[in-house]
Amino acid sequence: MSPAESDLRSPEWFRSVVFYEVPIRAFYDSNGDGIGDLPGVLAKLDYLSDLGVGAIWLLPFYRSPWNDDGYDISNHYEVDPRFGTIDDLDRLVEGAHARGLRVIGDLVTNHVSIEHPWFQAARKDRASPYRPWFLWSDTGTEFSRARRIFPDFEKSNWTFDPEAGQYYFHRFFATQPDLNHDHPAVEEEMLKFARFWLDHGLDGFRCDAAPYLFKREGTTCQSLPEVHTFFQKVRAMLDAEYPGSILISEANQSVAETVAYFDAGHEFQEVLHFPVMPNFYLALAENNPRRILDVLRTTLSGAPASCGWAYFLRNHDELSLEQVSEDERALFFRYFPLPPEARVHLGVRRRLAPLVAGDDSSVLLLTALVLGLPGCPYLYYGDEIGMGDRLDLPDRDAVRTPMQWENGPTAGFSSADPSRLTRPLVTDPKFAPAARNVAEQETATRSLLWRMRTLLRVRAAHSTVFGSATFEGIDLGSTPVLGFWRRGQEYQILCLYNFSVQPVSGAFPLPERVWASPVELLRGGHSSTVTDHTFQYRLGPRAFSWTLFLCRQPRTAA
Ligand code: BGC
């Protein structure tokens, strides 16, 4: 067993790595058909490993008609032929593990594609054993308190199916009928689905749409106790049969509901931190990070020691503004210059770099922040080079355009004719392949990619402290600086982030326990001195610093 492989066995591997989200379709096309594929991801593993990430999250690769980009599965046990074969998946997982990279997939258990043979059988015949696998109604009026998730597209959670002669329930698109999780066979099948891909070497799953699996009249049909019981069973199966594999919850809910998915360490190892995410952006809007510290203060203790919050800035969906107030939403839209077509559902279909008007300092500030917080940071493909979006594409396709590997007619994504690409390339001159691509940024030491890589490497070198050490916010009064300590056993890292577009300087007393001979872990944009156990700093506009202090040496050694 290679060292990389043996490292994969640590049950808490996920607490020290950075995750990278890979939409296979848009990443790299290995066979010239214009569509990204699994061998394409394999071909780019060295790039990812060089970037410094420790795990990749593959978006759904199962057979699907792609009405919801793969989140509408029509066969749970097949790789979509446009992505390759199961052997390709095996080779990818093997290649990743050999490089010390973990691979997680998406466990989509709430719904299937309308084209799935289960639904096809169910709709045709009331006596089919699959009929009770779905939720049917003669009136389409039940569960009226269940929120519609895609209000821009669906007028109701029920759609009448003439073939079935009844309405069926769908929490998302009408092309995604919900499974009836009260039927024992459904639960069994979903466990089988998970086992199948774990047997192919996956290291865990991000569990899609976790809160919505069970429906009860008179409730919001979200985060019901039955949901937790189901995922506890999945977790128990993983622990017993696939130790070291992990579950990550996608629950875009209030703080209290979101925290519950840790369930004292019995359910999810990671919970995506939806409540804090919009606050990263609102803090930029206010030139003041206080609100971030407020959310962290109320949520950090919710993650048991063996678990971790999963932080992200962007993903393949819209930037969701569901968890903020009307006033905060208004503040967001006042600050970020967005054309009306950028809005979708209750959020924004825009990537990170265009949101901050292409300002690399802001991109780095927020990235360094999610890398500095205790838990598991997630990066969205292409954000490391500041890729843009295409608002003329429908829905969330806007943020799923081909990865920009180089300057050229297909951005080095494919050898197909540019007109055959699965989605067109970004054209905005500020973010198009000519302006932002991997090949050019790889050779320029001042590029965003280079600086991202430096950040990731520094984090990797101190992964135990960044991943697991305690967090202690620093009260910096009314300054626009967010400051906190990450306190390890042997050393501590002081993290400072200036949210203002103006330079800022300040001072604060060092805690007694640190040895006052700091080492700056990053260069540029900041300076500091220590006099009389007081830390004095100066941070440029939107600059940040990570400073290492040894823990105070025992009196005798001193
Ligand atoms: C995924 C979306 C998808 C939805 C329905 C979400 O959580 O991230 O992309 O449309 O689930 O499966």
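Select Asp161 first: Asp161 stands opposite Gln166 in strand 8. The model on screen is a predicted one.

**The hairpin around this pair**

Extend the selection to strand 7 (158-161) and strand 8 (residues 166-169). Four bridges join strand 7 to strand 8, and the two run antiparallel. Between the strands of this hairpin are four residues; click on Gly165, which takes a positive phi near 70°.

**The third strand**

Now add strand 6 (136-137). Strand 6 is joined to strand 8 by two bridges, again in an antiparallel arrangement. Pick Trp136 and look across to strand 8, where Tyr168 is its bridge partner.

With the three strands shown together, what is their order in the sheet? Reading across, the order is 6-8-7, in an open sheet with antiparallel pairing. Strands 6 and 7 stand at the edges with a single partner strand each, so one side of each has no neighbour in the sheet.

**Zoom out to the domains**

Colour the protein by its domain assignment: domain 1 is 3-110 + 180-460, domain 2 is 117-169, and domain 3 is 470-550. Note that domain 1 is given as two segments of the chain. To see how domain 2 and domain 3 are placed, mark their C-alpha centres, which lie 55 Å apart.

**The whole protein**

Switch to a cartoon view, in which the protein has 17 helices and 24 strands. The C-alpha trace spans about 80 × 55 × 50 Å along its principal axes. For 558 residues, a compact globule would have a radius of gyration near 24 Å; the protein has 24 Å, so the value agrees.

Next, show the surface. The accessible surface comes to about 20500 Å², and carbon and sulfur atoms account for 51% of it. Of the 558 residues, 62% are buried. If contacts are displayed between residues at least 6 apart in sequence, 68% of them join residues at least 24 apart.

**Aromatic pairs**

Show the aromatic side chains; the structure holds 50 aromatic pairs. How are the rings of Phe172 and Tyr212 set against each other? Their centres are 5.8 Å apart and their planes are at 75°, so this pair is edge-to-face. Phe172 is in the loop between strand 8 and helix 7 (184-199), and Tyr212 is in the loop between strand 9 (204-208) and helix 8 (225-241); the pair links distant parts of the chain, 40 residues apart. Phe172 and Tyr212 are both buried.

Move on to Phe274 and Phe312. The ring centres are 5.0 Å apart and the planes are at 70°, so this pair is edge-to-face. Trace the chain from each side: Phe274 belongs to the loop between strand 11 (270-272) and helix 10 (277-286), whereas Phe312 is in strand 12 (residues 308-312), and 38 residues separate them.

Are Phe274 and Phe312 buried or exposed? Phe274 has 5% relative accessibility and therefore counts as buried. Phe312 is buried as well, with a relative accessible area of 4%. The cut-off for buried is under 20% relative accessible area.

**Last stop: an aromatic cluster**

Finish by selecting Tyr20, Phe27, Tyr28, Tyr47, Tyr380, Tyr381 and Trp405 together; these residues form one aromatic cluster.

Key:
Residues are numbered from 1 along each chain as its sequence is written. Side-chain values use heavy atoms; hydrogens and water are left out. Two strands pair if DSSP finds at least two bridges between them. Domain bounds come from an automatic or database domain assignment. The radius of gyration is taken over C-alpha atoms; the globule rule is 2.2 Å times the number of residues to the power 0.38. Buried means under 20% relative accessible area, exposed over 50%, partly exposed in between (1.4 Å probe, protein chains only). Contact means heavy atoms within 4.5 Å. Accessible areas come from the Shrake-Rupley method with a 1.4 Å probe; for residues, only the protein chains shown count as cover. Rings of Phe, Tyr and Trp (its six-membered ring) pair if their centres lie within 6.5 Å; planes under 30 degrees apart count as stacked, over 60 as edge-to-face and the rest as tilted.
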